[in-house]
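Please open the model in your viewer and keep the selection panel at hand. The stops below are arranged so that each selection can be made in turn.

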Amino acid sequence: MEKKQNSQNPKGKTASAKSAGTKKAGNQRKKAQEPFRIGELDQYLFGQATHYDLYKKLGAHPVKSKGKDGVFFAVWAPNAEEVHVIGEFNGWDESSLPMEKAGPSGIYELFVPGAKAGDLYKYYITTKDHRGLYKADPYANSAEMRPGTASRVADLTKFKWSDAAWMEKRASQNTDEIPVSIYEVHPGSWKKHPAGPDNEDGYYNYKEFAHALVDYVKDMGYTHVELMGIAEHPFDGSWGYQVTGYFAPTSRHGSPADFMYLVNYLHKNKIGVILDWVPAHFPKDAQGLAEFDGTCLYEYADPRKGEHPDWGTKVFDFGKPQVKNFLISNALFWIEQYHVDGLRVDAVASILYLDYGRENGQWIPNKYGGNKNLEAIEFFKHLNSVVLGRNHGTMMIAEESTAWPKVTGKPEEDGLGFSMKWNMGWMHDFLEYMKLDPYFRQFNHNKMTFSMSYAYAEKYILVLSHDEVVHLKCSMINKMPGTYDDKFANLKAGYSYMMGHPGKKLLFMGQDFGQFQEWSEARELDWYLLGEEKHQQLQQFMRDLLLIYKKNKALYDADIYPEGFEWVNADDNSRSIFSFIRHSKDGKNNLLFVINFTPVERPDYRVGVPRRKQYRLILNSDESRYGGSGQPKEEIYKAVKSECDGKPFSFAYPLPSYGAAVFKF
């Protein structure tokens, strides 16, 4: 973009220079009055998968053309016989508004005078075999509330952002070295209004959700929220993982401007925003992407590549530049137009492996005879390079459940280029251990220590997500063994271990106060439980853990470096006690964790330490405000020269049953 010319004539400027400047300005005015349309460069870049701002051209855009207000429509349908725009502006007439083919790219375009923001519309596509398809706009910025399936014209230019301070700070940060504690939220079931005639589902609008969510997240001390189910989807039970409107925030909670308000308000309160993003698959709903122009346009044509047998969904064709462009521009759209701070990329393994969820005979090997999707590998490298290259300080997070190498490695070193990866191995082992009767934990000690053998292979997020508290898996509190009181004590010990272990953190809503029921998208969380003492105490403990996490660099700034973690005793299996130290990068901020996973008290537990220092107790799970015995503990413990745990110094501490203690030195 050219710099704005100075309106004042600089001293000594010649008449010829003035004339040239006037001519240039006239050309700029003429250019600004030209019709909004798809040009040759647009088509070329689209065919190369490098039209990163494609969403500014395809879709529906309110513009002025030749002095008339209206909407410019553009859609990719290269195999269609004809394409018409139908909508409220023409009485849904299937023949009155034929679109023109912009060129060999297969993009159709049309300016419709009088159409405006808020109008519902679709594309009526006549196929080569003379079928008529009614399709929602793949690039629509808004959609009709389900069960309606039309797209809605939206104007995204009116909202006034006021999060400049957040955006400037984001651009300067290194995401490896900042605290990231994520609160995973499904907006439709976090809280609900009583159902009424104007709101049968009880949904919060994005604006009121913003205020309620910020109040909770700030009080608890999370650094980020991860929002499920934002992109438009027809079926509530899919939780937003079967998308029909990739460029449209779901209308369940309001307009695009309302969603902008939510992100803006979170940022003004210093809370980051991550969205779930689903490039793995899409549903077969008639209005959606499936067989969009009568052919397999967005999906692989061969069902052995183009369909997920387990999910009944279509798979994007990562070999088509235009499909890759659709997805890459969509990722950029959420980050650059909606100021989102990161995307958690769903089901990465299902994209990478050609045989994922398929039996023999249901998949096609690659050209080398292997099971890796080579086109998808190239797509991820391209995606992450562009998104993170253009938006420093944002995050691309992989939900990848296998041992695929270098998920967070650099693309130029044959990595996929993600910022972080969900640590599914840690999650599985942690939950299996926590479910055990404490007596049997001594025989499964390695479940809690094994993750440190690969902790630095990738940049990890430790996750206890929604997937672990549905489908008869039990809520977190109900996974815990023992009596009612034991369940809370176990969970506090488990959360302490999670917070001390290297890796960023994610916890699904409701699990921080001991939600008893499994999660359901159809009802709100059991907030009434916070009227009971045990749930209040668990919530307070989690609040204090999150505060310690944010305040102590030892827990986050050396996350990806082996020197940031040191075992004190990883082998005390007979007593099921774990002790370890977290170090900050500068070595000036260090925390010692001691956690007991049995109901047996250790009144004089001695722990080894590396230095003859004072060790200040900053968290004690046995305090009465957390539901413990409330027995007084000293605040300062002095290490003496007495070998223990292979360390030259040590001190003794009364470690209670299921006790978790954190010391600062």
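Begin by selecting Y439, F440 and F443, which form a nonpolar patch on the surface of this predicted model. Together these residues present about 370 Å² of accessible area. Y439 belongs to helix 12, which covers residues 438-441.

Next, select residues 424-435, which make up helix 11. Within this helix, display the side chains of K435 and E432, which meet in a salt bridge with an N to O distance of 3.5 Å. The two residues are 3 positions apart, about one turn of the helix. Are they buried or exposed, or in between? K435 counts as partly exposed because its relative accessibility is 38%, and E432 likewise counts as partly exposed, at 31%. Elsewhere, salt bridges that share partners join R146, D201, E232, D236 and R252 into one network, which may be selected as a group.

The structure holds 38 salt bridges. Side chains of opposite charge can pair when their charged atoms come close. For another pair, select D276 and R344, whose closest N and O atoms are 3.8 Å apart in a salt bridge. This pair links distant parts of the chain: D276 lies in strand 13 (residues 272-277) and R344 in strand 16 (residues 342-345), with their positions 68 residues apart in the numbering. Is this pair buried or exposed? D276 has a relative accessibility of 10% and therefore counts as buried; R344, at 0%, also counts as buried. The cut-off behind both assignments is a relative accessible area under 20%.

Now move to D302 and R304, which form a salt bridge whose closest N and O atoms are 2.8 Å apart. D302 is partly exposed, with a relative accessible area of 26%. R304 is partly exposed as well, at 38%.

Finally, turn to a sheet. Strands of a sheet pair through backbone hydrogen bonds, either parallel or antiparallel. Select strands 1, 2, 5 and 4, listed here in their order across an open sheet of 4 strands with antiparallel pairing. Which strands lie at the edges? The edge strands are strand 1 (59-65) and strand 4 (100-101), each of which pairs on one side only. Zoom in on strand 1 and strand 2 (residues 68-76), which pair in the antiparallel sense over 7 bridges. To locate one bridge, select G59 together with A74, its bridge partner in strand 2.

Methods:
Residues numbered from 1 in each chain as written. Predicted model: local features only at pLDDT ≥ 70, side-chain atom pairs only at ≥ 80, totals over all residues. Heavy atoms only, no water. Patch = residues over 30% accessible without salt bridge, like charges linked within 9 Å, V, L, I, M, F, W, Y side chains within 5 Å. Areas by Shrake-Rupley, 256 points an atom, 1.4 Å probe, with all protein chains shown as cover. Salt bridge = Lys/Arg side-chain N within 4 Å of Asp/Glu carboxyl O. Buried < 20%, exposed > 50% of the residue type's maximum accessible area, 1.4 Å probe, protein only. Pairing = 2+ DSSP bridges.
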